[in-house]
Amino acid sequence: MKARRPVSARPATVGGLVHHGARSFRAARLAYGHGTSNARDEAAYLTLHALELPLDAPAQVFARRVTRRDAARVMRLFQRRIRERKPAAYLTGEAWLGDFRFHVDQRAIVPRSHIADLLHSRLAPWVPEAGRVRTALDLCTGSGCLAILAAHAFPRARIDATDISAAALAVARINVRQHRLRDRVRLIRSGGFAALRGKRYDLIVSNPPYVTDAAMHRLPREYRCEPRIALAGGGDGLDIVRVILAQAARHLRPGGLLVVEVGDGRRRAEKAYPRLPFTWLDTGGGGDVFLLAREQLAAAAPATRA
Ligand SMILES: C[S@@+](CC[C@H](N)C(=O)[O-])C[C@H]1O[C@@H](n2cnc3c(N)ncnc32)[C@H](O)[C@@H]1O
């Protein structure tokens with residue numbers, strides 16, 4: 001008969017810890033989607049973070065032995081993830097979009113926008129020359145992540161980043177400072193475009209709240225740790241999208257572009273705006289993101305209800 005490992009024993013390697021974490025997470029039926037999409041990746045992230053190992057460490061690192069003390073530190077983090085059901089990012093205080101690290105805490109939603117990838121490729125081919133973007137707006141900025149990525153994508157641009165939540169803007173302030181962009185990214189408290197009268201931009205990006213009322217009722221506990229105002233988009237998820245579509249043209253320069261994420265709301269958006277010539281951008285099968293030029297927004301009258 002195989003000897004059982006005593007209850008107090010800790011897995012002795014990095015890989016053993018990851019394996020143990022993944023098994024515990026599966027058993028606890030955790031929800032993912034805040035940087036990882038499955039139990040193993042979540043356990044690997046927490047393990048590497050707790051052991052202060054780089055997230056892109058080579059595979060050999062998983063064979064490395066760990067001290068009892070380090071193993072205990074990792075196990076405590078696993079236990080918190082299971083007990084508190086917080087997204088891993090709120091436990092570690094950080095989230096990654098590609099190579100960019102952002103501070104996060106529960107005052108702002110965990111960064112995961114699909115617009116991040118589009119900014120990484122500088123919105124090519126829609127923006128033919130990055131240098132031509134001189135002014136950009138990140139509406140609904142949350143942690144400030146998209147404003148910061150836009151500043152990197154468009155090095156000659158000044159960025160306004162707005163949010164209705166003072167708490168979220170406090171998190172954005174930390175990130176703008178950490179990324180040394182205080183001279184190019186301006187944080188503004190504003191509901192929709194209210195505080196932006198007379199301002200015009202070459203580019204507006206927005207990842208607004210877009211979760212429908214029905215989906216809000218079904219949210220896993222992890223997502224309930226995030227500010228409700230960052231998620232709830234009304235009956236069909238399009239409350240803020242409607243505001244954006246009604247007012248964006250006034251805030252875009254000729255030829256300016258609007259890029260908006262709507263989650264799984266593509267069909268609902270097309271139904272609500274049958275005359276708008278949406279371009280749906282390739283986000284690798286993730287969330288739906290549309291692009292419209294200022295001149296196309298003239299057709300932004302919503303469908304009239306029968
Ligand atoms: C889905 S989060 C996006 C945050 C960030 N852009 C990101 O991608 O991680 C939406 C943000 O919109 C803000 N928000 C909600 N209603 C708003 C409104 N009416 N005007 C401006 N911002 C709003 C929330 O506070 C939240 O920070």
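Helices here are DSSP runs of type H or I with at least four residues, numbered from the N terminus. In this predicted model, Ala168 belongs to one of these runs, helix 7. With 23 other C-beta atoms within 10 Å, Ala168 is buried, since a residue counts as buried once 20 or more such atoms lie within that distance. Setting aside neighbours within four places in sequence, the contacts of Ala168 are with Arg107, Ala108, Gly142, Ser143, Asp163 and Pro227. Pro155 makes a useful reference point for Ala168: the two residues stand 13 apart along the chain, and 24 Å separates their C-alpha atoms.

We turn next to the packing of the helices near the start of the chain. Two packed helices are described by the angle between their axes and the distance between the axes. For helix 1 and helix 2, the axes come within 8 Å and cross at roughly 130°. The two helices are therefore oblique to each other, as the angle falls outside the ranges for roughly parallel, roughly antiparallel and roughly perpendicular. Their crossing is right-handed. On the helix 1 side, the contact is made by Val14, Leu17, Val18, Gly21, Ala22, Phe25 and Arg26, which meet Ala39, Arg40, Glu42, Ala43, Ala44, Leu46 and Thr47 of helix 2. Sorted by class, this contact of helix 1 with helix 2 holds nine nonpolar, two polar and three charged residues.

Helix 2, spanning residues 39-50, also packs on helix 3, which covers residues 68-84; here the axes come within 9 Å and cross at roughly 135°. That angle makes helix 2 oblique to helix 3. The crossing of helix 2 and helix 3 is right-handed. Leu46, Thr47 and Ala50 from helix 2 meet a set of helix 3 residues made up of Arg73, Val74, Leu77, Phe78 and Arg81. The class count for the contact of helix 2 with helix 3 is five nonpolar, one polar and two charged residues.

Helix 1 (residues 14-28) and helix 3 complete this part of the description, with an angle of about 15° and axes 10 Å apart. That makes helix 1 roughly parallel to helix 3, because angles under 35 degrees are classed in this way. The crossing of helix 1 with helix 3 is right-handed. Leu17, Gly21, Ser24 and Ala28 of helix 1 meet Ala71, Val74, Phe78 and Ile82 of helix 3. The contact of helix 1 with helix 3 contains six nonpolar residues, two polar residues and no charged ones.

Several residues can be followed through contacts with more than one helix. Leu17 and Gly21 of helix 1 meet residues of helix 2 and also residues of helix 3. In helix 2, Leu46 and Thr47 take part in the contact with helix 1 and in that with helix 3. Val74 and Phe78 of helix 3 are met by residues of helix 2 and by residues of helix 1.

Further along the chain, helix 6 (residues 145-153) has eight of its nine residues buried, so it is largely enclosed by the rest of the structure. The buried residues of helix 6 are Cys145, Leu146, Ala147, Ile148, Leu149, Ala150, Ala151 and Ala153.

The ligand is surrounded by 22 residues, of which Ser113, Cys140, Gly142, Ser165 and Ala230 are the closest. The shell around the ligand is made up of 13 nonpolar, eight polar and one charged residue. Gly142, one of the closest residues to the ligand, is also among the contacts of Ala168.

The backbone offers some local points of interest. Ala124 and Pro125 are joined by a cis peptide bond, with omega about 0°. Pro125 sits in the loop between helix 5 (115-120) and strand 3 (135-139). Positive phi values occur at Glu52, a residue other than glycine with phi about 55°, and at Arg180, likewise not a glycine, with phi near 50°. Glu52 is placed in the loop between helix 2 and helix 3, and Arg180 in the loop between helix 7 (166-178) and strand 5 (185-189). Glu52 is exposed, having 8 other C-beta atoms within 10 Å; Arg180 is exposed as well, with 9.

Finally, Arg101 is located in strand 2 (residues 100-103). Arg101 counts as partly exposed, with 15 C-beta neighbours inside 10 Å. Residues up to four places away in sequence aside, Arg101 touches Glu94 and Trp96. The C-alpha atom of Arg101 is separated by 26 Å from that of Pro125, 24 residues apart along the chain.

How values were computed. Residues numbered from 1 in each chain as written. Predicted model: local features only at pLDDT ≥ 70, side-chain atom pairs only at ≥ 80, totals over all residues. Axes fitted to C-alpha atoms, helices over the stretch in contact; angles between N-to-C directions. Parallel < 35°, antiparallel > 145°, perpendicular 65-115°, else oblique. Left-handed = near helix turned anticlockwise from the far one by under 90°. Contact = placed C-beta atoms within 7 Å. Nonpolar A, V, L, I, M, F, W, Y, C, P; charged D, E, K, R; others polar. Near = placed C-beta within 6 Å. Buried ≥ 20, exposed ≤ 12 C-beta atoms within 10 Å, placed from the backbone.
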